[in-house]
Amino acid sequence: MKKTIITFVLCLFFPILLWAQTLQSPNGNLKLEFEVKEGIPYYQLTFKNKTVILPSKLGLELKNQPSFLDGFDMGKVVYNEFDETWEPVWGEENRIRNHYQEMEVELLQPATERKLIVRFRLFDDGLGFRYEFPEQPKLAHFILKEERTQFAMAGDHTAFWIAGDYDTQEYDYTESKLSEIRKLMEEAITGNISQTSFSPTGVQTALMMKTNDGLYINLHEAALINYSTMHLNLDDSKMIFESWLTPDAIGDKGYLQAPGQSPWRTVIVSDDARDILASRITYNLNEPSKIEDTSWIRPIKYIGVWWEMITGKSTWHYTDDFAAVDLNTTDYSKATPNGKHGATTENVKRYIDFAAEHGFDGVLVEGWNIGWEDWFGNFKDYVFDFLTPYPDFDLKGARDYAKSKGVEMIMHHETSASVRNYERHLDRAYQFMKDNGYHSVKSGYVGYILPIGENHYSQWIVNHYQHALEKAADYQIMVNAHEAVRPTGVGRTWPNLIANESARGTEYQAFGGSKPNHVTVLPFTRLIGGPMDYTPGIFEMDISKLNPENDSWVNSTLANQLALYVTMYSPLQMAADLPEHYEQFMDAFQFIKDVAVDWDQSWYLEAEPGYYLTIARKAKGKKEWFVGNVNGIESRTSTISFDFLEPGKQYIATLYADAKDAHYRNNSQAYTIRKGIIDNKSRLSQLSAPGGGYAIRIIEADKIDTKGLKRLR
């Protein structure tokens, strides 16, 4: 590992700062200016002399004591340069450079005899900054009333946003001018099982924007630890975003003590949208892995008993006999099976057989444990025990059968948002997993949080998610958390956080559908913080064929579904459809079987948020490359170069593409497959249908391999 640290200190002896302190990125394109004006701290940011952030206030409002908003003098300023290259446990590349210029600013508040530090780190691709509360006599414990960090925009930018909400991120994205957010908010807040919006101009991070002069700006946060999740509230008369933290049950925004710090606030910026996708600021602002031995953390590809329940073809619950369940007294042995339960031993073995035949690592089973008859909507505390299977699921038998086939079982822990109940059972549940050979868990937090009044993204619940993650590491368990807080790069520090949902995933295609361009936005927003368990791979788009009472439609072509395995990065990838649907399209299914889940290197070939993106990746430790293209609502011809390949060699490319007449709504299963020869000088022009795309597998070739093949164009 290469690491360089250079430090120097500037001491200021004047009570009021009369000039701005400046910081430049290593390549000189980004410039930060900081000043204290009339006791108030301000920062501003430019990129290649274009304004990114206009002068914006910094500070925090405290409860029942003087706030960190004004009355400041400048203290010492410390400058650092840092340069290292580190190796992630999993990722879009096998090495990440962490290179920044740093400015640590000490702010003195004479009236209270307290001090506050603001630490800025400027990378070539953006800015990270946070508040730090050093140990001091006049500051010990304090309560946040609100964080008052501003992001003053230089214009009425185009934004891709979802409504600010304390309890869900599962919304379709809206593309609009900032000035249009207010009038579009009511339409943007679609129905959800749990939701708590707070403002007609409040939005969530990561927020993606594009300026009229061609800058791409992304606002987010990194290293969300022991703090409340940040939203952004827009003053649309001035185009100023201000941080808005998620409150707890009594309205407080955070309980802190010194020494301590806030999460990092991030501004990723470039004049090329591809740089936003390539940015690793969010990871770089997190601490290195706290897990010393990471050998048990490994990317996996899986299938599961899930989609059939999501579509309504099957049920999670075993019986219709009980209107209410008491886990201590309800006798399931006397209940009548409803005949639609998905997690039966027979059905699970069918999935295990399919996984074994086609080389999948694992099988997820949902609805295996007792309690699903009244699991949701009743504010029930003791809702699951995470240990006891239904009568029709032989847990040990399925475990042994899977082991005999070389397949790993994946545990499912739905908490029904009863956080106290889950924490009460965590040790027993994780030990049960370890005893039965389950090395990964999909957890869920559907519904309003218990204790009543808490929110999904408040400090206390954020700490719960972190507790569950760290406890899982003690048992060498990987975590895939659904309905949890959106990731903020914590997967660097705790790489057993193998994936999250925390956005509108594929399941919504069975709940009325998502916008056809949804997957062209997510990599610029949700995936900025970490991998998503998006659960791609749906081949049957007409949900009524699975459940006649569900007329939903998957707004995607089949080729688009293949491309998602490349464009929607995750070290945990699911082939989400039913085995029988894959058996109808085995030639296309081959791509899902072949595609990697961990990568040595990635190249971002084309990108425009909301419209298209094309990504190429090299499989970790292999001479295989994969390309994925996803397209928006209008058809488009994608043109790419293969210059990422090694010169002087020939390759065989297998292209899975939309047919000429493909369309996400009326001809979604129309695709073509063709093979051809390419090299690093080759170029490809390929039509992508509305809601469509293409996927390519590339392998090194020799003369025998290429016999009879033409060049791919």
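This text walks through the protein chain, from its overall form to a few strands.

The model is predicted: local features need pLDDT of at least 70, side-chain atom pairs count only at pLDDT 80 or more, and totals for chains, interfaces and linings use all residues. Residues are numbered from 1 along each chain as its sequence is written, and side-chain values use heavy atoms, leaving out hydrogens and water.

Start with the whole chain. It holds twelve helices and 37 strands. Helices (H or I, at least four residues) and strands (E, at least two) are DSSP runs, numbered from the N terminus. The C-alpha trace spans about 75 × 70 × 50 Å along its principal axes. Its radius of gyration is 26 Å, which agrees with the value near 27 Å for a compact globule of 713 residues. That radius is taken over C-alpha atoms, and the globule rule is 2.2 Å times the number of residues to the power 0.38.

Now look inside. Of the 713 residues, 65% are buried. Buried means under 20% relative accessible area, with a 1.4 Å probe and protein chains only. Contacts (heavy atoms within 4.5 Å) often link distant parts of the sequence. Among those between residues at least 6 apart, 72% join residues at least 24 apart.

Next, find strand 31, residues 612-619. Eight of its eight residues are buried, so the strand is largely enclosed by the rest of the structure. In a regular strand, side chains alternate between the two faces of the sheet. Here both faces are covered. Y612, T614, A616 and K618 are buried on one side. L613, I615, R617 and A619 are buried on the other.

Which strands pair with strand 31? Strands pair if DSSP finds at least two bridges between them. Strand 30, residues 599-608, runs antiparallel to strand 31 and is joined to it by eight bridges. E608 has Y612 as its bridge partner. The two strands form a hairpin with three residues between them. In that turn, G610 has a positive phi of about 85°.

Strand 32, residues 624-631, is also antiparallel to strand 31, with seven bridges. T614 stands opposite N629 there. Strand 31 and strand 32 form a hairpin too, with four residues between them. G621 in this turn has a positive phi of about 70°.

Finally, turn to T85 in strand 7, residues 73-86. Is T85 buried or exposed? At 13% relative accessibility, T85 counts as buried. I96 lies eleven residues away along the chain, yet the C-alpha atoms of T85 and I96 are separated by 5.5 Å.

Conventions
Buried means under 20% relative accessible area, exposed over 50%, partly exposed in between (1.4 Å probe, protein chains only).
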